[in-house]
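Please load the model in your viewer and keep the sequence panel open beside it. The tour below goes from one selection to the next and says what is found at each stop.

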Amino acid sequence: MPRITSVRVIVTRPGRNFVTVKIETDEGIYGIGDATLNGRELAVASYLTDHVAPVLIGRDAHRIEDIWQYLYKGAYWRRGPVTMSAIAAIDMALWDIKGKVAGLPVYQLLGGASRDGCMVYGHANGSDVSETIERAQEYLEKGYKAVRLQSGVPGLKSTYGVSGERFYYEPAKGSLPEESFWSTSKYMRLVPELFQRGRDALGWDIHLLHDVHHRLTPIEAGRLGKDLEPYRLFWLEDATPAENQEAFRLIRQHTTTPLAVGEIFNSIWDAKQLIEEQLIDYIRATVVHAGGITHLRRIAALADLYQVRTGCHGATDLSPVTMAAALHFGLSVPNFGIQEYMVHTEETDAVFPHAYRFDQGLMHPGDAPGLGVDIDETLAAKYEYSRAYLPVNRLEDGTMFNW
Ligand code: EZ4
Ligand code: CO
């Protein structure tokens, strides 16, 4: 039985900030977990170093469920993104250790593969519709079966999901938050055109997705879903903020466009009503922000009862450790839907060497024991943390809005 001898937090910035936890055991086997919470990284680092590490020393690393319950119930203060990202990182690292001890990739410990690979979607972003379609065509050429279309909106200086970079979208920057501006009416006019031209140019053999990024009211979301019905989206994501789960009833009454939500959820309680009332089709909760593999499997099990499928968040702020964990989870879980995949920069990939691979639109976590991803600590030490914020968003009259 491997006993935990140390729990260390590694903060590094190979192109962007990442927080990684490394758990070492008396048997020489170690595991790693991702604890990155975009724009609030050091809060999780401190939670782990100051509050979690001391209570783990000497524990049996194999008791993953018990340690999960200990950290969740034992803190008294339940849930929240900081707590749940910290628990997630520990959980990932413990699954990594268990896999290495067993000599098996984690997906084998989760019941084995339920499919040959996990379908992923890439991000096509352009400053206008034509550029977005050109980007999407590049994904088709690479073998992708699904692509997300986001386009700059005429009259708005910057738009969510659109950047100058070809394959990376990195919204967190600057030592203070960037201010962006929003107009729902300008946006609502553009999106149906984006998908009409998208279908004309890309055809019907590719799944198309779109992220509203929490910017519509329920009735506006119902209208957009209805307008997009002819283009048969795979999903419409985060159509309205989801603190009020009931709000999705109104959207559902108006459209058959499939709905995805939950990248900012941190526990099963955030999604309970959405799932039980079948108000959504895809749940986007992710390994790193929703309590690790252990808790995400619980969410997926609930979702499976209601024919809700998984669609984990997978932007570049989720490190390769989370990507690997998500693929082990996705390969094994019966109700997998799709996995978001934004390629990391070369610097990030060099710090986190990994076994997962992309082939013809599907990804596989590989067969290395554990999660199949490591951290090069020497290289990581060369990249110093630097504060970065997600943007804030205002209406054109200056009213603070949802980013
Ligand atoms: O804004 O990962 O679907 N993907 C997204 C992302 C999120 C960022 C936040 O850290 O919405 O671009
Ligand atoms: Co999103």
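## First stop: Ser46

Select Ser46, which counts as partly exposed because its relative accessibility is 30%, a value that falls between the limits of under 20% for buried and over 50% for exposed. Bear in mind from the outset that this is a predicted model. Extend the selection to residues 41-56 and you have helix α1, in which Ser46 has its place. Then add Gly174 and draw a distance between the two C-alpha atoms: Ser46 and Gly174 are 128 residues apart along the chain, and their C-alpha atoms are separated by 22 Å.

## The whole chain

Zoom out and colour by secondary structure, where the protein chain shows 13 helices and 16 strands. Along the principal axes, the C-alpha atoms fill a box of roughly 60 × 45 × 45 Å. The radius of gyration of the protein chain is 20 Å, which agrees with the value near 22 Å that a compact globule of 403 residues would have. If you colour by accessibility instead, 57% of the 403 residues count as buried.

## The cobalt site

Next, select the cobalt ion (ligand 2) and show its donors, for which Asp211 (OD), Glu237 (OE) and Glu263 (OE) coordinate the ion at 2.0 to 2.2 Å. Which geometry does the site of the cobalt ion (ligand 2) have? With 6 donor atoms and angles among them of 24 to 178°, the site is irregular. In the sequence panel, the donors of the cobalt ion (ligand 2) follow the spacing D-x25-E-x25-E. Highlighting Glu237 and Glu263 shows a pair that links distant parts of the chain, since Glu237 lies in strand β8 (residues 235-237), while Glu263, 26 residues apart from it, lies in the loop between β9 (259-261) and α9 (272-276). Both Glu237 and Glu263 are buried.

## The largest pocket

Keep Glu263 selected and turn on the pocket surface. The largest pocket has a volume of about 1000 Å³, and Glu263 is among the residues nearest its centre, together with His214, Ile264, Leu390 and Trp403. The lining comprises 37 residues, which divide by class into 18 nonpolar, 10 polar and 9 charged.

## Enclosed cavities

Rolling a probe the size of a water molecule over the atoms shows where empty space is left. Switch the display to cavities, of which the structure holds 5 with 30 Å³ or more.

The largest cavity has a volume of about 70 Å³; select Gln150, Thr159, Tyr160, Tyr187 and His210, the closest to its centre of the 15 residues that line it. Which elements should be shown around the largest cavity as suppliers of at least two lining residues each? They are β5 (146-151), α6 (184-202) and β7 (207-211), and among the contributors α6 gives the most to the lining, with 4 residues. By class, the lining of the largest cavity has 8 nonpolar, 5 polar and 2 charged residues.

For the last stop, move to the second largest cavity, with a volume of about 40 Å³. Its lining is formed by Arg13, Arg16, Asn17, Asn38, Glu41, Glu170, Ala172 and Ala388, and colouring this selection by class gives 4 charged, 2 polar and 2 nonpolar residues.

Notes. Residues numbered from 1 in each chain as written. Chains lettered and ligands numbered in written order. Predicted model: local features only at pLDDT ≥ 70, side-chain atom pairs only at ≥ 80, totals over all residues. Heavy atoms only, no water. Donors = N, O, S within 2.8 Å, 3.2 Å for Na, K, Ca; no water. Tetrahedral: all angles 85-135°; square planar, octahedral: opposite > 155°, others 65-115°. Buried < 20%, exposed > 50% of the residue type's maximum accessible area, 1.4 Å probe, protein only. 1 Å grid on protein atoms, 1.4 Å probe; cavity = no way out; pocket = protein on both sides within 12 Å on 5 of 7 lines; lining within 4 Å. Points joined across faces, edges and corners; volume = space filled by probe spheres on them. Nonpolar A, V, L, I, M, F, W, Y, C, P; charged D, E, K, R; others polar. Rg over C-alpha atoms; globule rule 2.2 N^0.38 Å.
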